[in-house]
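I wanted a record of what I looked up in this model, in the order in which I looked. The entries start with open space and then move on to the helices and to single residues.

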Amino acid sequence: MVLGAPLCPPLQRRFGPRRTAAAGAGLLTLGVLGLARLDSTAGPLSVGVAAALLGAGFVTLMVVATSVVVHRAPEAHAGVAGGLQQTAMNIGPALGVATATLLVALVPHGGFVPARGAALPVLAVLAALALPAALALPGTAADPVGPAPSGGADWEGTRPGPAAPGSRRRPCVRS
């Protein structure tokens, strides 16, 4: 994840947050599915590939989420938006671990045992739920399908542009 984090902003600038987050959700789901297929004969290469896909998916989603939440918030609320985003980033993994633990406890005969258990396939389905959320993110100017960012601005700027004349909204300074 540490090695992949610097690669995410250029990908997001090129493909937009929607496509980048959707790719991250796909990588995350593939990584969990890869772990679910492991058995006692699995070698280090298959474990490493599954773990790398998992890490690449997580880091992509985290970087895109941080960027969208903080950069799209009005400047006066950027600190609050960043704090809420960090809270969500801390609660999410805790809920994920709790869900995995619950699945292991509820499934008889080793629910977490790859290739036999049900926990990892269920977690893969939960990871796949990130895809609809990713598709709801703003696109780029070249990919305008979906919800438009506030202020009618495209993704090229980091913050929404000034309000239309006669509007009550205060203009926002571009960073």
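**Entry 1: the largest pocket**

I began with the largest pocket, whose volume comes to about 880 Å³. I kept in mind from the start that the model is a predicted one. Of the 25 residues that line this pocket, I noted Leu28, Phe58, Gly92, Pro93 and Gly96 as the closest to its centre. I then asked which elements give two or more residues to the lining, and found that they are H1, H2, H3 and H4. H3 gives the most, with nine residues. Sorted by class, the lining holds 22 nonpolar and three polar residues, and no charged residues.

**Entry 2: the overall fold**

I next stepped back to the whole protein, in which I counted five helices and zero strands, so that the pattern read along the sequence is α-α-α-α-α. Of the 175 residues, 30% count as buried. I also looked at contacts between residues at least 6 apart in sequence, and among these 62% join residues at least 24 apart.

**Entry 3: helix H2**

I checked the length of helix H2, which runs over residues 44-72. At 1.5 Å a residue its 29 residues should span 42 Å, and because the end C-alpha atoms lie 41 Å apart, I took the two values to agree. Which residues of H2 are buried? I listed Ala50, Gly55, Gly57, Val59, Thr60, Val64, Ser67, Val68 and Arg72, and I noted that H1 is included in what covers them.

From this helix I picked out Thr60, which lies in H2 and counts as buried because its relative accessibility is 8%, under the 20% cut-off. Leaving aside neighbours within four places in sequence, Thr60 is in contact with Cys8, Thr20 and Gly24.

I then turned to Leu61, which is also found in H2. Not counting residues up to four places away in sequence, Leu61 touches Ala21, Gly24, Ala25, Leu28, Met89 and Ala130; of these, Leu28 had already come up among the residues closest to the centre of the largest pocket. I also wrote down that Leu61 and Cys8 are 53 residues apart in sequence, while their C-alpha atoms are 9.1 Å apart in space.

**Entry 4: Met62 and Gln85**

Is Met62 buried or exposed? Met62, which has its place in H2, is partly exposed, because its relative accessible area is 30%, a value between the cut-offs of 20% and 50%. Its contacts, not counting residues up to four places away in sequence, are with Met1, Gln85 and Met89. The pair Met62 and Gln85 is separated by 23 residues in sequence and by 9.6 Å from C-alpha to C-alpha.

I followed that contact across to Gln85, which is found in helix H3, residues 78-106. Gln85 counts as buried, because its relative accessibility is 6%. With residues up to four places away in sequence not counted, Gln85 touches Met62, Ala65, Thr66 and Val69.

**Entry 5: helix H3**

I repeated the length check on H3, whose 29 residues should span 42 Å at 1.5 Å a residue; its end C-alpha atoms are 41 Å apart, which agrees. Its buried residues are Ala78, Ala81, Gly82, Gln85, Ala100 and Leu103, and I found that they pack against H2 and H4.

**Entry 6: helix H4**

I moved on to helix H4, residues 119-128, where Ala119, Leu120, Leu123, Ala124 and Ala127 are buried. Why do the buried residues of H4 line one face of the helix? Seen down the axis of H4, they fall within an arc of 135 degrees, so they line one face. I noted that these buried residues pack against helix H1 (8-36), H3 and helix H5 (130-135).

**Entry 7: Gly26**

My last look was at Gly26, which has its place in helix H1 and is partly exposed, because its relative accessible area is 30%. How far apart are Gly26 and Leu131 in sequence and in space? I recorded 105 residues in sequence and 7.3 Å in space, taken from C-alpha to C-alpha.

Conventions: Residues numbered from 1 in each chain as written. Predicted model: local features only at pLDDT ≥ 70, side-chain atom pairs only at ≥ 80, totals over all residues. Heavy atoms only, no water. Helix = DSSP H or I, 4+ residues; strand = E, 2+ residues; numbered from the N terminus. Buried < 20%, exposed > 50% of the residue type's maximum accessible area, 1.4 Å probe, protein only. Contact = heavy atoms within 4.5 Å. Arc of directions from axis to C-beta. Expected span 1.5 Å × (residues − 1). 1 Å grid on protein atoms, 1.4 Å probe; cavity = no way out; pocket = protein on both sides within 12 Å on 5 of 7 lines; lining within 4 Å. Points joined across faces, edges and corners; volume = space filled by probe spheres on them. Nonpolar A, V, L, I, M, F, W, Y, C, P; charged D, E, K, R; others polar.
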